[in-house]
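Here are a few exercises on empty space and helix packing. Grab your viewer and try each one before reading the solution.

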Amino acid sequence: MTVSSDENSVDTKSSLSKLAPVEAVLFDVDGTLCDSDPLHYYAFREMLQEINFNGGVPITEEFFIHNIAGKHNDDIAVLLFPDDVPRGLQFTVDKEAMFRKLATEQLTAINGLYEVKKWIEDRGLKRAAVTNAPRLNAELMISKLGLSDFFEVVIIGDECEHAKPHPEPYLKALEVLKVSKEHTFIFEDSVSGIKAGVAAGMPVIGLSTRNPEHLLMEAKPTFLIKNYEDRKLWTALEELDKSVGAGVPTA
């Protein structure tokens, strides 16, 4: 299927229909449930400047998007502190503590999230959060968004042998939920996350929350949406409902 960020060239009507009947929906957390990247960017920028990283010149948002957003902390530590990885790992621990403080006060849900939540609940679908975030971060964000009872399981990249962009976290979610990839789809906002979902063999709906659309498209999502209010998403979900209905024998 030809995929494009242009609404008119995306065949949303058939993009999810092949999944009918859907069994589960999987979500990333950062940037997918909530617009948290600005908080991460702020924490990295301020803390790196404090230690005179890059000669004290603050990192740019472009640097953050290309080198940090969506990546696992182990990889970020190597990137930022190639000559002292243990220092880099401790830096990421301290940065996450700063992020949690900011998130406690400033976290907000992506527009339309609770409408999608209701759509999923009304159909009795299984659901999991799958993230490269540390468990403390993930559980804080999920709790702040009022989703602790919504997710049946939270899969953490740190707790898998391989984090995203490896498909293992998403494959583990399928295993725990006891569902098949042929009847499951994913919401993701980062290049590494989309790559992980695609490699796991599932359709991925990409959210262009903060990351540039052209970078997200290179990871081959099924289609992109601005947020959960996007008409493309609801067109696809309506067609999916029709596909389920068409497969139900009449009395």
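What follows is a set of worked exercises on a predicted model.

**Exercise 1.** Find out how many cavities of 30 Å³ or more there are, and describe the largest cavity.

*Solution.*
- Start with the count: there are 2 cavities of 30 Å³ or more.
- Now the volume: the largest cavity comes to about 270 Å³.
- Next, look at its walls. The lining has 23 residues, and Asp30, His40, Ala69, Gly70 and Lys71 are the closest to the centre of the largest cavity.
- Sort the lining by class, and you get 9 charged, 7 polar and 7 nonpolar residues.
- Finally, ask which helices take part. At least two lining residues each come from helix 2 (37-50), helix 4 (73-80) and helix 5 (85-106). Helix 2 gives the most, with 3 residues.

**Exercise 2.** Work out what lines the second largest cavity.

*Solution.*
- The volume here is about 50 Å³.
- Pick out the lining: Asp37, Pro38, Tyr41, Glu61, Phe64, Ile65 and Arg210.
- Assign these to elements, and helix 2 and helix 3 (61-67) turn out to give two or more residues to the lining of the second largest cavity.
- By class, this lining splits into 4 nonpolar and 3 charged residues, with no polar ones.

**Exercise 3.** Describe how helix 2 packs on helix 5: are the two parallel or oblique?

*Solution.*
- Take the axes: those of helix 2 and helix 5 come within 9 Å and cross at roughly 135°.
- Angles over 145 degrees would count as roughly antiparallel, and 65 to 115 as roughly perpendicular. Helix 2 and helix 5 are therefore oblique to each other.
- Add the hand: the crossing of helix 2 and helix 5 is right-handed.
- Now the residues. On the helix 2 side, the contact includes His40, Phe44 and Met47, and on the helix 5 side it includes Phe91, Phe99 and Leu102.
- In classes, the contact of helix 2 with helix 5 has 11 nonpolar, 4 charged and 2 polar residues.

**Exercise 4.** Do the same for helix 5 and helix 7 (residues 135-144).

*Solution.*
- The axes of helix 5 and helix 7 come within 10 Å, with a crossing angle of roughly 5°.
- Angles under 35 degrees count as roughly parallel, so helix 5 is roughly parallel to helix 7.
- In the contact, Glu96, Phe99, Arg100, Ala103 and Thr104 of helix 5 meet Leu136, Asn137, Leu140, Met141 and Lys144 of helix 7.
- Split by class, the contact of helix 5 with helix 7 holds 5 nonpolar, 3 charged and 2 polar residues.

Definitions and conventions. Residues are numbered from 1 along each chain as its sequence is written. This is a predicted model: local features need pLDDT of at least 70, side-chain atom pairs count only at pLDDT 80 or more; totals for chains, interfaces and linings use all residues. Side-chain values use heavy atoms; hydrogens and water are left out. On a 1 Å grid over the protein atoms alone, a cavity is a set of points where a 1.4 Å probe fits but cannot get out, and a pocket is an open set with protein on both sides within 12 Å along at least five of seven lines; lining residues have an atom within 4 Å of a point. Grid points are joined across faces, edges and corners, and a volume is the space filled by probe spheres set on the points. Helices (H or I, at least four residues) and strands (E, at least two) are DSSP runs, numbered from the N terminus. Ala, Val, Leu, Ile, Met, Phe, Trp, Tyr, Cys and Pro count as nonpolar, Asp, Glu, Lys and Arg as charged, and the others, Gly among them, as polar. Axes are lines fitted to C-alpha atoms, for helices over the stretch in contact, and angles run from 0 to 180 degrees between N-to-C directions. A crossing is left-handed if the near helix is turned anticlockwise from the far one by less than a right angle, and right-handed if clockwise. Contact means heavy atoms within 4.5 Å.
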